[in-house]
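These are my notebook entries on what I looked up, written down in the order in which I took up each topic.

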Amino acid sequence: ELSQILPNDTWLTDISIYKDILEIKGFSSSASKLIGILENSALFKDTAFSGSIVTQEEGDKFTIRATLEEKP
């Protein structure tokens, strides 16, 4: 799901899942748009940045946490 919905200018450096919590870390040319993209998916809810967005040469460095929804 993530590989299909995340923009091509976004790449992940870390993905972790603990129980029903997903945490992704990575870089994007526009990290602020990622929350809306994930929230529009039926698989994620309560999506939020964990910490600040840091602009680096590679792009906006981000950490996002979301609750995983069970598929119906």
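**Entry 1: a buried acid and its partner**

I began with Glu23, which counts as buried because its relative accessibility is 12%, below the 20% under which a residue is called buried. I kept in mind from the outset that this is a predicted model.

Which residue does the side chain of Glu23 meet in a salt bridge? I found that the partner is Arg65, with 2.6 Å from N to O. Glu23 lies in strand S2 and Arg65 in strand S5, which covers residues 59-68, so the pair ties together parts that are 42 residues apart in sequence. I then looked up the accessibility of Arg65, and at 43% this residue counts as partly exposed, whereas Glu23 is buried. When I asked for the total by this rule, the count came to 1 salt bridge.

**Entry 2: the chain as a whole**

Next I stepped back to the secondary structure, which comes to 2 helices and 5 strands. Reading from the N terminus, I noted the order of the elements as α-β-β-α-β-β-β. The radius of gyration is 12 Å, close to the 11 Å that the globule rule gives for 72 residues, so the chain is as compact as a globular protein of that length.

I also wrote down the box that the C-alpha atoms fill, which is roughly 40 × 20 × 15 Å when taken along the principal axes. What share of the 72 residues is buried? The value I noted is 33%.

**Entry 3: two residues with positive phi**

I then turned to the backbone angles, starting with Lys19, which is not a glycine and yet has a positive phi near 55 degrees. Lys19 sits in the loop that links S1 to strand S2, the latter covering residues 21-28. Is Lys19 buried or exposed? With a relative accessible area of 69%, Lys19 is exposed, since the exposed class starts over 50%.

Asp46 is another residue that has a positive phi without being a glycine, and here the angle is about 50 degrees. In contrast to a loop position, I found Asp46 in strand S3, which spans residues 44-49. Its relative accessibility is 54%, and Asp46 therefore counts as exposed.

Asp46 came up again when I looked at charges on the surface, where a negative patch is formed by Asp20, Glu39, Asp46, Glu69 and Glu70.

**Entry 4: positions in the loops**

I went on to the loops, taking them in sequence order and looking up a C-alpha distance for each position that I chose.

Pro7 lies between helix H1 (2-5) and strand S1 (10-18), and its 28% relative accessibility makes it partly exposed. From Pro7 to Gly36 I noted 12 Å in space, C-alpha to C-alpha, for a separation of 29 residues in sequence.

Ser41 belongs to the loop between helix H2 (34-39) and S3. Is this residue, Ser41, buried or exposed? At 8% relative accessibility, Ser41 counts as buried, so I wrote beside it the cut-off of under 20% for that class. The C-alpha atoms of Ser41 and Ile17 are separated by 17 Å, and the two residues are 24 residues apart along the chain.

Glu57 is placed in the loop between strand S4 (54-56) and S5, and Glu58 has its place in the loop between S4 and S5 too. I compared their classes: Glu57 counts as exposed at 84% relative accessibility, while Glu58 is partly exposed, with a relative accessible area of 45%.

How far apart in space are the C-alpha atoms of Glu57 and Phe27? I noted 9.9 Å, with their positions 30 residues apart along the chain. For Glu58 and Ser29, which are 29 residues apart in sequence, the C-alpha to C-alpha distance is 8.1 Å.

**Entry 5: what I would look at again**

On going back over the pages, I marked two places to revisit in the view. One is the salt bridge of Glu23 and Arg65, which joins strand S2 to strand S5. The other is Asp46, which combines a positive phi with a place in strand S3 and a part in the negative surface patch.

Terms used. Residues numbered from 1 in each chain as written. Predicted model: local features only at pLDDT ≥ 70, side-chain atom pairs only at ≥ 80, totals over all residues. Heavy atoms only, no water. Patch = residues over 30% accessible without salt bridge, like charges linked within 9 Å, V, L, I, M, F, W, Y side chains within 5 Å. Areas by Shrake-Rupley, 256 points an atom, 1.4 Å probe, with all protein chains shown as cover. Salt bridge = Lys/Arg side-chain N within 4 Å of Asp/Glu carboxyl O. Lys, Arg positive; Asp, Glu negative; His and termini not counted. Charge placed at Lys NZ, Arg CZ, Asp CG, Glu CD. Helix = DSSP H or I, 4+ residues; strand = E, 2+ residues; numbered from the N terminus. Buried < 20%, exposed > 50% of the residue type's maximum accessible area, 1.4 Å probe, protein only. Rg over C-alpha atoms; globule rule 2.2 N^0.38 Å.
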